[in-house]
Amino acid sequence: MESRTNRRGHTENVVENQHLKLKDLKKEALNHRLGNQYLRKSNIPPYPHPEFHVSHLRHDTDKDGLRGIRGDGGFKNPGKGNLLWWSLVVGPDEIRSAEKRLLETTYPDRTEEQAEGQQSFLKEFATSPAFNKTSRLGSYRFTFPLEELLTAYSEQFCEGAPPVMRVLRTVLYKQEVMYVVVVHSPDNQKEFSDCPLLTDDDPNAVCTYKDGCFIWRAEAMCETHSYELVQIPEEKRMEAQPARTFLDQFYVWDHVAVALHVENQVPSLLVLLKFDPSRLRENLKFCCAENPGMIKGVTFEDFPQAEENVKELWPDDPAPLEKDQ
């Protein structure tokens, strides 16, 4: 595990070429004498470990980033690196399907009556920032179907060949655990040869890719634990009950980030993942700040100002700016 400071000034503890599950991450942190008070907690109530199938990715940015994306006609890394960062979109539909999948896996022989009597419970545990509509990176959100992104990447960086997906690293912050998947061209096999390939058939992997979806097996989906998972085997049922503690328990939370490797053989040329301006506008929404004024180097705007900025950049598009909510 290596400790370093990222470009936003945050300390991150990194384990390269692995997606470490929490039990292994705790061992790694202990071996490096990392004093993380959240990771060490042992009084966390039982919670579910569902499998989310995700077919959309999002890219959040601020006003300057928005102007750059519109002006350049696509996405680029704003820093000196060659990775373009996206996040999984895990909304109500993904939560409902994950709940159904968890129940069918846990109780495969449920009767129709038992299935109909099951109340929704997973949404009570989906309390971490991984499930929020708010943003930590700016007021503007581009959301794309995963297959559309991969097709564009294949055409622009892989000469039409399927891109390669690998396990890049695990990053531990104060409360956040980020599992990073890198997507790269087949021409860059040597550069990423130390990174294991992302499989489609490992049931124990934190993240896999199959049939046009990333499959994320959440290690810590709550952050704030107000409920505990209760299983009732005789009724083949699960439910969320208020945790038997006086205070909510705060814990680490995890999510998956997807880093598209964008590198040109000619360093002086602008490296972009390009899209038609109208398609960029179609996939753009306004999003509120997760913690206004508390994120280094990020500027957030109110909705009226965002509407003006978007109208200025896409003057011929009559569609009103929508809120992602």
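This briefing describes one sheet in the structure and a helix that packs on it. The model is predicted; local features need pLDDT of at least 70, side-chain atom pairs count only at pLDDT 80 or more, and totals for chains, interfaces and linings use all residues. Residues are numbered from 1 along each chain as its sequence is written, and side-chain values use heavy atoms, with hydrogens and water left out.

**The sheet as a whole**
- Nine strands (DSSP runs of E, at least two residues, numbered from the N terminus) make up an open sheet with mixed pairing, in the order S1-S2-S8-S9-S16-S6-S4-S7-S18.
- Strand S1 (2-5) and S18 are at the edges with a single partner strand each, so one side of each has no neighbour in the sheet.
- On average, neighbouring strands are turned by 35° against each other, direction ignored; axes are lines fitted to C-alpha atoms, for helices over the stretch in contact, and angles run from 0 to 180 degrees between N-to-C directions.

**Pairings around S4 and S7**
- S4 (residues 56-61) and S7 (residues 140-145) run antiparallel and are joined by six bridges; two strands pair if DSSP finds at least two bridges between them.
- Asp60 lies opposite Arg141 in S7.
- S7 also pairs with S18 (residues 284-286), antiparallel, over three bridges.
- Arg141 has Lys285 as its bridge partner in S18.
- S4 is joined to S6 (residues 83-88) by two bridges, and these strands run antiparallel.
- Arg58 has Ser87 as its bridge partner in S6.

**The helix on the sheet**
- Helix H7 (residues 303-313) packs on the sheet and touches S7 and S18; contact means heavy atoms within 4.5 Å, and a helix is a DSSP run of H or I, at least four residues.
- The direction of H7 makes about 65° with that of S7.
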